[in-house]
Structure formats: structure tokens, C-alpha cells
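Thank you all for coming. I would like to walk through one structure this morning, starting from a single residue and working outwards, so please have a look at it before I begin.

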Amino acid sequence: MVYYLTDRFRLPRDFADLVYLTQIVQAEAIRIGVEHWRRNRPRCAGALYWQLNDCWPVISWASIDYDGRWKALQYAARRFFAPVALSLEDDGSRVGVYVANDTPAPWQGQVRWSLETLAGEGVESRQEPVAAAPQAATHVRAFDFAPQLRQHGRSRLVFVAELWQGEARQAGQRLACQVVTFAPERQVVLPDPDLSAQVQARDGVLEITVSARALARFVALSLRGADVVWSDNYFDLPAGRPARVTCSMPEGWSLEQARQALKVRSLADVR
């Protein structure tokens, strides 16, 4: 576990950070594989991963632990197994943008992308229309950012892509957001994202809006004293793009109790 962890990340100081990072490594390993296979349809027409859950307390490849708690992989699987999914293929300075459509109908939308600094300062941005054929992977566009990386530094830039349903002139719905860094995370000094969370409750559902002033990688939410399943977790949050996350309110809890118990962390918090 430490061998694969240190290929991308610096070795953490304490056990809690080790647990957090090894879950990230597991989720990223399976994501990279599944996205590669989905991009290569019809050469590969599907993927299953081992394993879903644990039948006893153990360190394993399961995405749900013995107590039914979702690991980072289980949340990531919702994104990389989505019927219509965004996929980024990165190789050095090059980034390929794909949309995998496993539904039986054509899909139309757009990819909004941005090359920016870790602090969210824009370098280049645009949006690309997408007409994704049914049961196929559509190559949207290929980039080579070598000139920009030489100018700004490989460890200071990030590529952000968002998949939106609907036409450009419509408000649309964001289906996915993905981030590519051009250097391993162990070589990147992430700024403090200054994460903030607004917490509300409605009809027994806890609604949390998370915002970041700089790139926040692998944002993880938890409630001290309760195990809940979030609508999303362990996700990237680029600067200035708030994300709304929900879960069921723990039985007998008040809104104030939930606010006090909420913990939001990201890769920048690892010591």
C-alpha cells in the first residue's frame, strides 16, 4: 500500500492521513482502469471490479467496508460508471477529452474546460459541443499544453473539464467534473483551498454546499459520531465552483448538531 501511495503522494505523518490517502489510491487505480476500458469501446464493452463489500473486518480491495461504510472507491464508481461519463486521458503535456455514452440513445451536451493555476487564475478556457453516439466513446478534443507548461510551470497548472447536459445557450445540468494535474501530487504544493460549507436541512435531508478559493483535491466529508452515505464524496473541487452534497439526517439529530459534527477535508490537509 505504501509502495503505490508514494508513487503519487508524499508519505503522510499520521495514521488517519494514511487511511485517507490509501483510499484515494484505491479509487484512482480503479478509475483509471475503468475509464481506459470505456474509452476503448468496442474493444472492451464493460468492466467489473473486485470487490464490492467485506464479509469481515479486513484491509481489502472492497469499496464498502464490513460496517457498510462507503470507501472513496464506492463514491468514485458512481462517477466513472455513470451511463454518460466524462473521461480524461493525460500523458505528459497532452490531454484527451472523451465522453462515454452507454445509453441506447444519442446524447448532446458540452464540455466546458479551463487551463488554470492551482489558485484558480485562468490561463485559457473554452467550451466544446458534444454529440455522443449511443453505446460508444466519443473523442471530443485533444490538447497539448507544452508551451503553457513551459511558461507557467508543470506543477502550477491544472486542467479542469466539466460535462454539461443541454446546449450552450441553456443553463443545463452539470453531470461531471474532472481535474488533471501535470505533475504527481507529491511534486505539487497545493495552496490552502480555504474550504467553507453552508449547512441546511430540509425534509430530513442534510444539504451542504462546499466552496473553495483554490483547487481542493479529493474533498471528503464526514459527520463525527454518525455513518452516512453522501450523494458524493472524495471529489475534486476547483476554485470558484461550489458543489452541493446531501445525506439523510442522522436519526434524532438537530441541524446545529450536524453543523458541529461536520468535517470537510482535502489533500491540502494531509501533513
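Leaving aside its neighbours within four places in sequence, which residues is Ala161 in contact with? Please keep in mind as we go that what you see is a predicted model. The contacts of Ala161 are Leu86, Leu88, Val111, Arg112, Trp113, Ala176, Cys177 and Gln178, again without those close neighbours in sequence. Ala161 sits in strand β6, which runs over residues 157-165, and it is buried, with a relative accessibility of 0%. One of those partners, Ala176, is 15 residues away along the chain, and the two C-alpha atoms are separated by 8.2 Å.

From there I turn to Thr181, which belongs to strand β7, residues 173-181. Thr181 counts as buried because its relative accessible area is 15%, where the limit is under 20%. A polar atom of the Thr181 side chain lies 3.2 Å from the backbone oxygen of Ala183, and, once neighbours within four places in sequence are set aside, Thr181 contacts Leu157, Val158 and Arg217.

Now for the nonpolar cores. In soluble globular proteins, nonpolar side chains tend to be buried together. Here the largest nonpolar core has 52 residues, and the members that touch the most others are Tyr20, Leu221, Leu223 and Trp230. Helix α2, residues 15-39, contributes the most to this core, with seven residues. A second core, separate from that one, has 22 residues, among them Trp107, Trp113, Ala132 and Phe143.

To take Leu223 as an example, and not counting residues up to four places away in sequence, it touches Leu206, Val228, Trp230, Cys247, Pro250, Trp253, Ala258, Ala261 and Leu262. Of these, Cys247 is buried, at a relative accessible area of 4%, and Cys44 is buried too, at 19%; the count of disulfides in the model nevertheless comes to zero.

As for the geometry of α2, its 25 residues should span 36 Å at 1.5 Å a residue, and the end C-alpha atoms are indeed 36 Å apart, so the expectation and the model agree. The N-terminal end of α2 is capped by Asp14, with a side-chain oxygen 3.4 Å from the backbone nitrogen of Ala16.

Turning to the aromatic rings, a search of the whole structure gives 14 pairs. In one of them, Trp70 and Tyr75 have ring centres 5.0 Å apart and planes at 55°, so this pair is classed as tilted; Tyr75 itself is buried, at 2% relative accessibility. Elsewhere, ring pairs join Trp113, Phe143, Phe145, Phe159 and Phe182 into a cluster.

I will finish with the backbone. Most residues other than glycine have a negative phi, and most peptide bonds are trans. Which peptide bond leading to Pro42 is cis, with omega near 10°? That is the bond from Arg41 to Pro42, and Pro42 lies in the loop between α2 and α3. The bond from Trp50 to Gln51 is likewise cis, with omega near 10°, and Gln51 is found in the loop between α2 and α3.

Phe218, though not a glycine, has a positive phi of about 55°; it is part of strand β10, residues 216-223, and is buried, with a relative accessible area of 4%. Tyr234 also has a positive phi of about 55° without being a glycine, but its place is the loop between β10 and β11, and at 16% relative accessibility it counts as buried.

Conventions: Residues are numbered from 1 along each chain as its sequence is written. This is a predicted model: local features need pLDDT of at least 70, side-chain atom pairs count only at pLDDT 80 or more; totals for chains, interfaces and linings use all residues. Side-chain values use heavy atoms; hydrogens and water are left out. A nonpolar core is a set of buried Ala, Val, Leu, Ile, Met, Phe, Trp, Tyr and Cys residues joined through side-chain atoms within 4.5 Å. Buried means under 20% relative accessible area, exposed over 50%, partly exposed in between (1.4 Å probe, protein chains only). Helices (H or I, at least four residues) and strands (E, at least two) are DSSP runs, numbered from the N terminus. Contact means heavy atoms within 4.5 Å. The expected span of a helix is 1.5 Å times one less than its number of residues. A polar contact is a pair of N or O atoms within 3.5 Å; within protein, one must be able to donate a hydrogen and the other to accept it, and residues adjacent in sequence count only if both atoms are side-chain atoms. A disulfide is a pair of cysteine sulfur atoms within 2.5 Å. Rings of Phe, Tyr and Trp (its six-membered ring) pair if their centres lie within 6.5 Å; planes under 30 degrees apart count as stacked, over 60 as edge-to-face and the rest as tilted.
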